[in-house]
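Here are a few notes from my pass through this one. Have it open in your viewer as you read.

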Amino acid sequence: MGNEKSIVIAADIFPDVLPIFPIFDRPLFPKMMVPIIVAENDAKKIVRKALEASPSYLGLVLAKSQPNVRSLQRKEDLHTIGVVGKIVQIRESEPDQPVPIMLQLLERFEILDLMGKPPVFLAKVEYWHTVEMTANEELKAYSISIIDCIKEMMQMKPLVQEELQLLMSRLDINDPGTLADFAAFTASTSGEELQKILETKSIRARIEEALILLKKELEISKLQVQINKRIEERLTTQQREFFLKEQLKEIKKELGLTKDDTDTEVEKFKKRIKLLKLTPEAKTRVDEELEKLRLIPPSSPEFNVTRAYLDWLTILPWGKYSNDKYDLARASKILDQDHHGLNDVKERILEFISVGKIKGNLSGSIILLVGPPGVGKTSIGQSIAKSLGRRFFRFSLGGMRDEAEIKGHRRTYIGALPGKFINAIKTTKTSNPVIMLDEIDKIGASFVGDPASSLLEVLDPEQNQDFLDHYLDVRFDLSKVLFICTANQLETIPGPLLDRMEVIRLSGYILEDKVEIAKKHLIPKQLKKHGLTARKISLPDAVLHELIDGYAREAGVRGLENQIKKILRKSTKKIVESNLAKVSIQVEDLPEFLGRRVFQEEKLYQKPMVGVVKGLAYTSLGGATLYIEATKIVSNQPGYKQTGQLGNVMIESSEIAYTYVRSILGKKNKVRDFFAKHFIHLHVPAGATPKDGPSAGITMACALYSLALNKVMRNDIAMTGELSLNGRVMPIGGVKEKLLAAKRAKIANVIFPDENRMDFEELEDHIKEGITVHFAETFEQVRKICFPK
């Protein structure tokens, strides 16, 4: 600047070459006394090199920032500007101990050339000697500002107040260069920013940079003070509230107005106990736990465990029962309102309620409702609970693999809880609810236990009066509970479990039943859900017949309900888009609403064909019709094979049919030559569906007989029956389901084994209506019915 005048201060004569001592955190500034602890071996070598000369000087230079590096390996890693320090004191120590030294920092220098190799570098340097500034108003203003900042920081940082006071005592307002260096040294900024100030040769620029740093530091300090103040105020308020609350508690306790947490909990549990009829075992356990709760401090983790256990013990309805209603007329009315058809099932339920009326209770009763999906098993369970006036609780066993879900976790585990049955009792608040165990045929097993085996105790009337849940560890009487289980099939239910249950079968619905169910239940329910009324949608009986026959032939009504939903959604869209007052749906509109007909008439089999026979099957989804095809291949190697994903039992049944047909036709030379010169292939469509069971024996035998004699069988007949090796037709299961399947497929004639005659006669008349049933004891009788000529 034009008005600056400087005088160079006389100084020591410094060496032209200095050993370089690298600094790794932040640079040092001239005019200071600094203690340094030399710990690393490389640093000790540099100090020893400096001590070879007298006086001893070190060049202290900041190394460029590198994470986790504490030694200098490359010349490029050093900044070019440093400060020379004179070793004024050194204390000798053991070779493996740190060496403390005292340095007097004197002048800045610039490295001109760097020599040597790691760790000892020697630098040829040029010194920036301190210049003494003459009076300058601008520099004086900068100096005063710096001193004011330092004074303000002293008030905000009590921890460094003594250090700043010592610094203030050594500051000279007439030496702005040194003042700038000291001010920069006090700032808690990064080493690179301080290095910039060290490298600033102009005193005016340097003091300006130092002031900016101090101002930033001051702003941060003010912000810290504000944050600390807010936190202290909040803590003070919380502490004050805490002390006041504690004092209030003590005052209320002295006046008898309140009790501590333990007394409150104990009082709550005692009030509950007065309303219960605890068993002697439960009473003893509750008393023990209450005494234990009194002794445990509320801050202990065991306190919460004991409190939770007592909460479960005292919240259960010990000795509380709802009053059963054994009114048969009321029960019949409820069942008829909730369900259409299923007369045999309703009769069984009314018989069951009659027994309860005479006996006085329904203890020891476990009902198993078996049937295809969508036939109303769950809703029948709800109707039973409603007709008896009992609370209802349902949970699904499907996929359950953990025994603890049935019998609870032991209390040694964190987060332990009772099992599903105790939870059901707690939820229903009565000891005799109706508990429905859904999907009992889909229960699983794993390494954590077998839930099916755990159910044996629950569903055994002789054992469940002393049911022991692992969590409660106290016996609870489940004998008054009415258990209703549901399943799609019996085969996957373990034998011992099945033996404890009374089986009631729900076979499914015929077309007429489904039409009535749709009109009385499904359509009103879905109209309400879609915000529609009967005035806006018209679904005539003809449409429902076509809907059920073409899109929802399954045994239940769930598929039918889904199709009704689809129709109502599309109708709602039409009403909104076209602003229609009413949508009338006709039979020809169904493809537009639902797409292509799902159940097409089997055109392939409309005409009688050699080797093709219609059979009846029973699956977990209800009854079904299936076709069996047999064909021949001219071959020098006669044989027989079956396809269609057949199970072992069905394969054996087909081999019996093949052997039997060959045996009865073996006397005819022409037929004998047929089997000797042909390979026979029997197929059961559809190939992707697994099939098993013995009841297709006579069907497969008829297909082979038709093929061998090249005779066409009647096309208006379907059959089912197991065939023995000597030609007897043996009984089968699922008579009702198979008959319903025949009605759905519009089959006029059915062949059943003679031993199933009683099963057929027990069916309702509307199911038997329209079908001619033929009973056969032997295959010869079957042959005469199927091949009259």
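1. Which helix does lysine 514 lie in? That would be helix 17, which covers residues 511-529. Keep in mind that we're looking at a predicted model.

2. Is lysine 514 buried or exposed? Its relative accessible area is 1%, and since buried means under 20%, lysine 514 counts as buried.

3. Now for the company it keeps. If you skip the neighbours within four places in sequence, lysine 514 is in contact with Tyr509, Ile548, Ala552, Arg553, Glu554, Ala555, Gly556, Val557 and Leu560. Two of those names come back elsewhere: Ile548 and Leu560 belong to a nonpolar core of 51 residues, which also includes Leu362 and Leu544.

4. That core is the second one, separate from the largest nonpolar core. The largest has 52 residues, and Phe421, Ile440, Leu455 and Leu459 have the most contacts inside it. Helix 9 (residues 301-315) gives the most to this core, namely five residues.

5. Take leucine 459 as a way into the largest core. Beyond four places in sequence, leucine 459 is in contact with Ile366, Leu437, Ile440, Phe483, Cys485, Leu497, Arg500 and Met501.

6. On empty space: the whole structure has three cavities of 30 Å³ or more. The second largest has a volume of about 50 Å³. Tyr509, a contact of lysine 514, is one of its lining residues, along with others including Gly341, Asp513, Lys736 and His766. Helix 24 (735-744) and helix 26 (765-768) each supply at least two lining residues. By type, the lining splits into four nonpolar, four polar and three charged residues.

How values were computed
Residues are numbered from 1 along each chain as its sequence is written. This is a predicted model: local features need pLDDT of at least 70, side-chain atom pairs count only at pLDDT 80 or more; totals for chains, interfaces and linings use all residues. Side-chain values use heavy atoms; hydrogens and water are left out. On a 1 Å grid over the protein atoms alone, a cavity is a set of points where a 1.4 Å probe fits but cannot get out, and a pocket is an open set with protein on both sides within 12 Å along at least five of seven lines; lining residues have an atom within 4 Å of a point. Grid points are joined across faces, edges and corners, and a volume is the space filled by probe spheres set on the points. Helices (H or I, at least four residues) and strands (E, at least two) are DSSP runs, numbered from the N terminus. Ala, Val, Leu, Ile, Met, Phe, Trp, Tyr, Cys and Pro count as nonpolar, Asp, Glu, Lys and Arg as charged, and the others, Gly among them, as polar. Buried means under 20% relative accessible area, exposed over 50%, partly exposed in between (1.4 Å probe, protein chains only). Contact means heavy atoms within 4.5 Å. A nonpolar core is a set of buried Ala, Val, Leu, Ile, Met, Phe, Trp, Tyr and Cys residues joined through side-chain atoms within 4.5 Å.
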